[in-house]
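Trainee: I am new to this structure. Please take one part and go through it slowly with me.

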Amino acid sequence: MSSPISSALAKLDGSLQTVQSQVEFLRAGLEVNDSQLSYSLADARQNAAVVRDLIRAERSDASWDDRGTLDYLIHELEVAAHEQRNEQRRMKLLELGDEFEAGAVRHRSEARTAALNSLRQEALQELRAQAAIPEQEKELPGPDAGQWLHWACNLQEEKDADALTCLRTDFPALDHFAGEMEESYWMPGERIRRIPIQPSSPSRPAANVRRPPEAPTYSSPPPSPGDYTRSSQNTVARADTPPGGNYAAAVARAYERPSASTAVPSEVRRSEATLPQRGGLALVVEPAEVQPEIKTCEKCGATYSDDYHVCPASDLGRRAPAAVAAPTVVPRTAYPTVDKSKNGGNGASSQKEAPVSTSTAAVAPVPGTVERPSAQPLAKPFDKKAKTRKQRRAEAALAPVPVPEIPRPKPEEEIAASEVEEKEPWTQKWQTLQESGADALSEGKWRSFLVAPEVLAVAALLLLVVVGSVWMVRRRHTSSSPVVTAETKAPSSIPTAPTANADAQPVTAANSAGSTSKNDVQSKPQDQNAAGKTNTNAAQPKDTTTPPVQVLSVPVEAPKTTTIAKREEPAATDAAPPSLPGAMASNMGPLVKDISANVPKLAGQKLRVSSGVAQGQLLRQVNPQYPPQARQERVEGTVVLQAVIGKDGSVRNLNIVSGPSLLTKAAMEAVKQWRYRPFALNGEPVEADTQINVNFKLGE
Amino acid sequence: MSSPFWSALGKLDGSVHTIQSQVDCMRAALEIDDAKLSQSLMQARREGALLRDLIRAERPDAKWNDRTELDMLIHDLEIAAQERRNQQRRNKLMDLASELEAGKVKHRFEARSSALNALRLEAVKELRKEAAAPQQEKELPGPDAGIWLHWACNLQEGKDSLVLANLNKDFGAVERFIGEMEESYWVPGERANSSDSSLGSAKGVAASFASR
């Protein structure tokens, strides 16, 4: 089929042939037919204008000087048109192949389903093989890929003989499959949309680039003149990048609440939207609550991420606690009264005061008050994670000091104790105790003195003082240059606290009742390790003394502990606590040694770092090569790799998580050559586990 | 002197060349100047008509169908014209030779007469030799034979220097003869052969001269 330009050129040549013959007559000195010559000239002029218009329509800036240049130009245009037709044929074959690959056949009989799927695979292979032919001259009859199967399943032998003949001749496997298929068997899937290759033409507009719908768009930098972009960002779209439709729906489902309330603060809703990793997790565990830090008020349905929630309803919207043990009712002001007369009455607690429950679940809420979240029942699997600093502080403040269980006094004794308590404040009780002397001590009446609230308050105050002094002493030790020397010279001195997070609590726990000191100390490093891991990003910018090594703030042995404290000294904002008296300092020495001995060594562990953190440590990045087959088939996408960054910064143990199969090999080969700054833990290099994304994108 | 045919043909070719360039532009689908094309066409038509008239004047029954035949025709016409010109030259030479041969020179002195007659005979001999040449390119200046000697004896050195030079270059003996001659010395005789005879008569004249 000749092109329109060639046809117009042929007409022009025909009209000029008449003109030329007349001119030859003139040259021969013969007489010519003037009218015929004029008519021929007019016809030739018109045909020439048509040719010019056709050429300019294809290439607006085309110019030529003679017939030879014109012929070359037309040849180029026809070659480009031919290539475009070939590409269109190829794309049609590939799209139909993708359609077949994405969909599935379903029949009530499994054997039939298997047979039809086998035919489908053969047809797919045939289509791909035909598409791979450079000069694609076979035209696939029928409509586009989306309607092709519907069309093929409705072909009639008599009516569509031509199409069937063409199909049987050029695509026998496809014809076989279409012949065996029924439209009802077909289950279409979502196929990757391919981008056709446009022939080079300066006046031709760029083709529209369509992204695959199932691949979320990432907020990655614009593609280079090469063929791809790579990103080691998180594998999930961020809030500022509009994700694909399916992804947005999944995220919406993850955050869907049964009783949507308009009273949900906008900040909370925004905070929900900016937690994509939770949203991604929701895709996997849809009904699961992926926001342990975002709570829902069951009464008003509002979600809140803060520790406090002002519920407009009369009753606070909190989840009903799971099976919680019955609270132990302990009188608030229970104080064992010293009844001399009864001589043996244990400190009976008063019953006149309202009982104070150790569990806040049974407390009747006061409307309109600020509710402090207490220990919530961990019925959901995702609640069991490290608590935030705020939560720990709040719990520490609310956590009552464990008191020995006081046997419930007899009613008469209680009444008597309450009466006595009203009359005798704690000073008097002390005097009474002293007066009672050994008798009272031997009788155990000192217990009621110890549980007096005033005594407890004084004890708590003393404890705070001790903790503060310990912390200050440790800070002083880390600020001095001969750190180790200071440690060795003053072994009894209290070492510096590792971090500022919840410093008071563990030491306070250590200084509380002596029986639990060691246990608390042992738990302290673990808490501080967890805190240290969360402080990774915070500690990183402050680490300027040792640039090649990333230090995590984890308290371990005494010298290293002091080093870390030294680095974080600029961030400390607390006031200097008062110095400890010498006796207390000497008492803390053995305790420190216990702490040092109980802290586990973490250098041998493998860190798990986010891809964003890993990206910051990247020293050398090698660009992957776009595979020719993928480029030919216009395959794009992101390859997600799971990698272990070794102690020397090299990439090890690369595993494919997801991505197009044609691109994974190239991605792995490139990532293998990447080099990171080694991650360090307490000054020692450790391995880090991270996820790497390599984005392949074809340019237009 | 160029042939009129070739001149007319040359003009016709110029006009047609302009037309052809416009046609080539149209063949290359380029835009053309319509006014220039029309003018060229008109001119080409006029010159073609002129050429046809020239040809028909030479050969009324001439016919041709294309440029090649035209070229061949014009070539033939040119050859014929050239032959005629040659024949005309030859005839003139022969006539003069006959005229000089028929007459004689008379001087009061016998020696002078003999010398002049000897020059006369050399001139006749040269004329006949030139007339017998196949390619007659030498044109004898001057009028016809009957008044040629009168014209030749009145040539001036300054005024007719070019003629005398050509005469000296092409017909040296004739030039020496007329240089010594005076018109009063000449006694014309009756010529034996006319100048309108064909080329074969020239040979006959040459043969009669040799026999003398």
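Trainee: Let us look closely at one helix. Which elements of chain A do the buried residues of H5(A) pack against?

Mentor: Keep in mind that this is a predicted model. The buried residues of H5(A) pack against three partners: helix H3 (67-102), helix H7 (172-180) and strand E2 (186-187) of chain A.

Start with the helix itself. H5 of chain A covers residues 145-152. Its buried residues are A:Ala145, A:Trp148, A:Leu149 and A:Ala152. They span an arc of only 85 degrees around the axis, so they sit on the same side of H5(A). There is a general reason behind such spacing. An α-helix has 3.6 residues a turn, so residues three or four places apart point the same way.

Now turn to the other face. Away from the buried side, H5(A) carries the exposed residues A:Gly146, A:Gln147 and A:His150. Here "buried" means 20 or more other C-beta atoms within 10 Å, and "exposed" means 12 or fewer.

Next, take one partner, H3(A). Two packed helices are described by the angle between their axes and the distance between the axes. The axes of H3(A) and H5(A) come within 8 Å. They cross at roughly 75 degrees. The two helices are therefore roughly perpendicular to each other. For that word, the angle must fall in the range 65 to 115 degrees.

Look at who makes this contact. From H3(A) come A:Glu95, A:Leu96, A:Asp98 and A:Glu99. From H5(A) come A:Ala145, A:Gly146 and A:Trp148. By type, the residues of this contact divide into 3 nonpolar, 1 polar and 3 charged. Two of the names are already familiar. A:Ala145 and A:Trp148 are among the buried residues of H5(A). A:Gly146 has a place in the contact with H3(A) too, yet A:Gly146 is one of the exposed residues on the face turned away from the buried side.

Put the picture together. One side of H5(A) holds the buried residues. Those residues pack against H3, H7 and E2 of chain A. The opposite face carries exposed residues, including A:Gln147 and A:His150. H3(A) crosses H5(A) at roughly 75 degrees. Find A:Trp148 on your screen: A:Trp148 is buried, and A:Trp148 takes part in the contact with H3(A).

Key. Residues are numbered from 1 along each chain as its sequence is written. Chains are lettered from A and ligands numbered from 1 in the order in which they are written. This is a predicted model: local features need pLDDT of at least 70, side-chain atom pairs count only at pLDDT 80 or more; totals for chains, interfaces and linings use all residues. Helices (H or I, at least four residues) and strands (E, at least two) are DSSP runs, numbered from the N terminus. The arc is that of the directions from the helix axis to the C-beta atoms. Two residues are in contact if their C-beta atoms, placed from the backbone, lie within 7 Å. Axes are lines fitted to C-alpha atoms, for helices over the stretch in contact, and angles run from 0 to 180 degrees between N-to-C directions. Angles under 35 degrees count as roughly parallel, over 145 as roughly antiparallel, 65 to 115 as roughly perpendicular and the rest as oblique. Ala, Val, Leu, Ile, Met, Phe, Trp, Tyr, Cys and Pro count as nonpolar, Asp, Glu, Lys and Arg as charged, and the others, Gly among them, as polar.
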